[in-house]
Amino acid sequence: MFCNLFFRGKPLQIGLFYNCFDQRKIIRWLSEIHPDAVYVQLHRMAPYVDSLNIPKVLDFQDAFSMGVFRRLKKVRLLVRPIYYLEYRLLKKYEQQLLKKFSSTTIISEVDRKWIDPGNNYNIHLVLNGVDFLYYRSIGIGKDIEVLFTGNMGYMPNIDASEFLVNEVMPLVWTQYPRAKVVLAGATPHSRVLALQSERVIVTGFVDDLRPYYQRAKVFVAPLHMGSGLQNKLLEAMAMKVPSITSNIANNSLKASGNKEIIICDMAAEYAQSIINFLTDPSLAETISNNAFSYVNDHFDWNNQVEHLNRIILRAISDNSNSKSI
């Protein structure tokens, strides 16, 4: 009955997301439609197509093992051995998946090198993108000094929210005591909700993040764990909000520091960068315009979709050629 628990030797999250009854439904449905290939999103879904003998393309999205590894120093000592075991199992499982799938994709060079440092499996880089027709100026005034967005139940965002409010903003408030911070995003954890005050607004789920980006004078993403390429930064930069982030987050984004984005690590650096943007509108405009040009040149969805289509078609072609030999 609880078949999803029987994943001995596999990462915990693989077992938690697996259900053998759902797998049977998926296999039955695929046997009816006879697809030329299957595109699988995230390693959590990989077990559902193990038995298929057709071209299979897996989107790792992020290097999940890297995300768990970066959390190790942040979690309590009591649970740290569990996280370490999960990291080791994920690292091993990612290597197994490279051999099981016809092709694999991932969203950043940093994540690709983490999973395959020797470039032995030709993991294809398919970047995140921005819909520039959707994320554009909508004519709302600026009344939020600092904005951070994301799933507020996700540990890297919880950690970033606490760092921003508890360590960065007190330094900003010495000069801008009325500066408002908005933490916008779904499922806020109790630790995020505890940050609310007269100067800190936690929105919870919102139907549309664009008004928040438009109202923000500065976007700050002080991420010190996690993996992948941050959509929140792409969206803010596409909407010409001057942005500040960490080296970890920018490793995947690869924007130019002090030109297209401001890169910080210490609380005092973040605080001074926020103050610089608030006091110097010309600096904010220059950085935000450069940021827009950068994401517009490198993160257009149409280009990434075309690239993905070619990868899938190549997997189908390679499979057909191997059968004809």
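1. In this predicted model, Ile274 touches Val146, Val168, Met169, Val172, Val218, Val220 and Ile244, leaving aside residues up to four places away in sequence. Ile274 is also one of three residues, with Leu183 and Leu253, that touch the most other members of the largest nonpolar core, which has 64 residues. Helix α6 (residues 155-173) gives this core its largest share, nine residues. A second core, separate from that one, holds 18 residues, among them Val40, Ala46, Leu58 and Ile115. As background, nonpolar side chains tend to be buried together in soluble globular proteins.

2. The model contains an open sheet of six strands in the order β7-β6-β5-β8-β9-β10, and the pairing is parallel. Its edge strands, β7 and β10, each pair on one side only. From one strand to the next, the twist averages 25°. Within this sheet, strand β5 (residues 144-149) is joined to strand β8 (residues 216-221) by three bridges, the two running parallel. As a point of register, Ile144 stands opposite Ala216 in β8.

3. At the β7 edge, strand β6 (residues 181-184) pairs with β7 in the parallel sense over four bridges. Here Val181 stands opposite Val200 in β7. Which residues of strand β7 (residues 200-204) point to the buried face? They are Val200, Val202 and Gly204, whereas Ile201 and Thr203 point to the other face and are not buried. The side chains thus alternate along the strand.

4. A further open sheet has four strands, ordered β1-β2-β3-β4 and paired in parallel. Strands β1 (38-41) and β4 (124-125) stand at its edges with a single partner strand each, so one side of each has no neighbour in the sheet. The pairing of strand β3 (residues 103-106) with β4 is parallel and extends over two bridges. In register terms, Thr105 stands opposite His124 in β4. Helix α4 (residues 80-100) lies across β2 (56-61) and β3, and runs at about 150° to β2.

5. Is helix α3 (residues 64-71) largely enclosed or largely open? Seven of its eight residues are buried, so helix α3 is largely enclosed by the rest of the structure. The buried residues are Phe64, Ser65, Met66, Gly67, Val68, Arg70 and Arg71. Both arginines in that list, Arg70 and Arg71, deserve a look in the viewer, since each counts as buried on the criterion of under 20% relative accessible area. The elements covering the buried residues of α3 include α1 (12-16), β2, α4, α5 (109-115), α6 and α10 (247-253). Two of these, β2 and α4, also appear in point 4, where α4 lies across β2.

6. Helices α11 (residues 267-279) and α12 (residues 281-298) have axes that come within 5 Å and cross at roughly 105°. An angle of 65 to 115 degrees counts as roughly perpendicular, and α11 and α12 are therefore roughly perpendicular to each other. On the α11 side the contact is made by Asn276, Phe277 and Thr279, and on the α12 side by Pro281, Leu283, Ala284 and Ile287. By character, the residues of this contact are five nonpolar, two polar and no charged.

7. Asn296 also lies in helix α12. Asn296 is partly exposed, with a relative accessible area of 35%. How far apart in space are Asn296 and Leu234? Their C-alpha atoms are 9.4 Å apart, although the two residues are 62 residues apart in sequence.

8. The loop between α10 and β10 (262-264) calls for a check of backbone angles, and Lys254 lies in this loop. Lys254 is not a glycine, yet its phi is positive, at about 60°. Asn258 is placed in the loop between α10 and β10 as well, and its phi is near 70°, again a positive value in a residue other than glycine. For context, most residues other than glycine have a negative phi. As to accessibility, Lys254 is partly exposed at 49% relative accessible area, while Asn258 counts as exposed at 63%.

Methods. Residues numbered from 1 in each chain as written. Predicted model: local features only at pLDDT ≥ 70, side-chain atom pairs only at ≥ 80, totals over all residues. Heavy atoms only, no water. Axes fitted to C-alpha atoms, helices over the stretch in contact; angles between N-to-C directions. Parallel < 35°, antiparallel > 145°, perpendicular 65-115°, else oblique. Contact = heavy atoms within 4.5 Å. Nonpolar A, V, L, I, M, F, W, Y, C, P; charged D, E, K, R; others polar. Core = buried A, V, L, I, M, F, W, Y, C linked by side-chain atoms within 4.5 Å. Buried < 20%, exposed > 50% of the residue type's maximum accessible area, 1.4 Å probe, protein only. Pairing = 2+ DSSP bridges.
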